[in-house]
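Welcome to a short tour of a protein model. Take a moment to look over the sequence and the picture, and then follow the notes below at your own pace.

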Amino acid sequence: MLVFDGDRTISVEDTGSMFWNQVAKVHRSADLCDPLKRLFGSNLQYTHRAFEQCRILYEDTIHELGQVTYNQICDEVAMAVTILPEVHALLQLSADVEHVGALVVTCGQSRIWRKVMERIGLSGKVQVIGGGCLSDGFVVTPAVKRAVVSHLQHMHQNYVWAFGDSPLDLDMLQEADEAIVVVGDAHTRSQSMEDSLRKAVNISGSTFRQMLLPRDVTPRLNTAEVPLVRVEDIKDDIKSRFVTHATDKAAAKLLMTPTRDARLSGPALRNAHHSVGWYLAVEYLTKVVGVEPYAIPHPKSGTTDGHQLLHEAKTLIVAIMRGGEPMALGVSDVFPKAVFKHANDATDLTDAHLKGVSTIILVDSVVNEGVTVQNFVEHIRDAQPSIFIVIIAGVVQSQSVSVNGSLRALARKHGKLRIIALRISENKYTGSGTSDTGNRLFNTTHFDK
């Protein structure tokens, strides 16, 4: 899910100032030009009370103008908004890419931003949350923006990218999985953002990246503290869907039940892991890698199209021993033309194994910090930088794929890396004896006693 602030994040202008300028023209009074600057510049600053006062100010103005004039002003402002083309391209992903949604969360008038989305053809794809009027029943504060991101993450299991430009967006940015500071022209951007961003980086240790729009503007802070990122790289990362998982699907709940049943071990547990591998291969790996047609004989006569994994004969399935073997065998059952390799260590993959390979599927039952798979990825990248690597696991610990996680950093460093998991878990799995997956799979729990 992509969550955007509105003013000076999506647009060049501040729609609030544009709105009040139009109101001043209607009333022919310069005193009405952007009263919000006086409000938020008072002792109230950006408190919840200030936003409530802002809402009352808007409501009183709507009452004085009349609903028809208010709607006309909002429409005129929306028509005059200049959308940053790079941000427009990101918003467009919500219409073009199945697994991407987008949301605008604004402290200003929701009607204006709905009209803007309608104007660019995204009203049915990009939702708008704004509480500028009493009739909305709420106000949008920095805390509300943060709560929206948190709700998307924890209630809907969304991986959230947040985009903002000012201190009002920092709470939202810090909560998000990926935080992108939109940096505009030095004369129009928020002057207070510099200090606020520095505090967030130095005191809270938050991680941000900055997108310069246009690219020749002066960056915020230095690029070591807040690295630069191009819109092209953001689009590629979003479209790639770095982590794919089935955590909340009914099928996953059924498949994971026997893997967590303490009564099962040995062949029964291996069969359960085999089924997980088969399911993830059929349901997810085929979408991540793609499939291709090939001719097969038809039962009646002639031939028809069958399908196989894209470049299946150039695919290497690696069972990371011991725990990954049963799941890897399930994957192998789906792709019989792929090469199968057992590996205890990354160095077990020699140049001969990697030569001519298009895709490598690394299979392990559990990924915690990701150290083991990281060693495999680094080894493969040193030998063959262009190979597409997919990690398949029954359980992946959430921290390893978070914004600061080792696997996320690995994907940024090397690219062409995807993760498929039956479920993402907050727990860490560092078992021994009867709680170790490998021991349970092969009835060796007594070795650790």
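A residue counts as buried when its relative accessible area is under 20%. Please keep in mind that this is a predicted model. With that cut-off in hand, strand β13 is a good place to begin: 10 of the 10 residues in this strand, 388-397, are buried, so β13 is largely enclosed by the rest of the structure.

**Around strand β13**

- To reach β13 from β12, the chain passes through helix α15 (residues 371-383), and this β-α-β crossover is right-handed.
- Strand β12 covers residues 359-367 and runs parallel to β13, with 8 bridges joining the two.
- Within that pairing, V363 has I392 of β13 as its bridge partner.
- β13 also pairs with strand β14 (residues 417-425), again in the parallel sense and over 8 bridges.
- Look for I392 once more here, because it is a handy landmark: I392 stands opposite I420 in β14.

**The six-stranded sheet**

- Which order do the strands of the open sheet follow? The 6 strands are arranged as β3-β2-β1-β4-β5-β6, and their pairing is parallel.
- The edges are formed by β3 and β6 (209-212), each of which pairs on one side only.
- From one strand to the next, the twist averages 25°.
- Towards the β6 edge, strand β5 (residues 178-183) pairs with β6 in the parallel sense over 4 bridges.
- In that pair, V183 stands opposite L212 in β6.

**Strand β3 and its neighbour β2**

- In a regular strand, side chains alternate between the two faces of the sheet.
- Strand β3 (residues 126-130) has a covered face made up of V126, V128 and G130, while Q127 and I129 form an uncovered one.
- The connection from β2 to β3 goes through helix α6 (residues 110-119), and this β-α-β crossover is right-handed.
- Strand β2 (residues 102-106) pairs with β3 in the parallel sense, over 5 bridges.
- I129, from the uncovered face of β3, is the bridge partner of V105.

**How the helices meet**

- Two packed helices are described by the angle between their axes and the distance between the axes.
- Helix α6, met above as the link from β2 to β3, also meets helix α4 (residues 67-80): their axes come within 8 Å and cross at roughly 50°.
- Angles from 65 to 115 degrees count as roughly perpendicular and those under 35 as roughly parallel; α4 and α6 are therefore oblique to each other.
- The crossing of α4 and α6 is right-handed.
- The axes of helices α12 and α13 (residues 325-334) come within 6 Å and cross at roughly 45°, so this pair is oblique too.
- The crossing of α12 and α13 is likewise right-handed.

**A kinked helix**

- Where is the kink in helix α12 centred? Helix α12 (residues 266-289) has a kink of about 40°, centred on A281.
- Just after α12 comes G290, which takes a positive phi of about 100°.

**A residue to find in helix α1**

- V23 lies in helix α1 (residues 15-27).
- Is V23 buried or exposed? Its relative accessibility is 1%, so V23 counts as buried.
- V23 and Y70 are 47 residues apart in sequence, and their C-alpha atoms are 8.6 Å apart in space.

Notes: Residues numbered from 1 in each chain as written. Predicted model: local features only at pLDDT ≥ 70, side-chain atom pairs only at ≥ 80, totals over all residues. Heavy atoms only, no water. Buried < 20%, exposed > 50% of the residue type's maximum accessible area, 1.4 Å probe, protein only. Pairing = 2+ DSSP bridges. Right-handed = clockwise from strand over helix to strand, strands pointing away. Bend = angle between axes of the 7 residues up to and from the residue. Axes fitted to C-alpha atoms, helices over the stretch in contact; angles between N-to-C directions. Parallel < 35°, antiparallel > 145°, perpendicular 65-115°, else oblique. Left-handed = near helix turned anticlockwise from the far one by under 90°.
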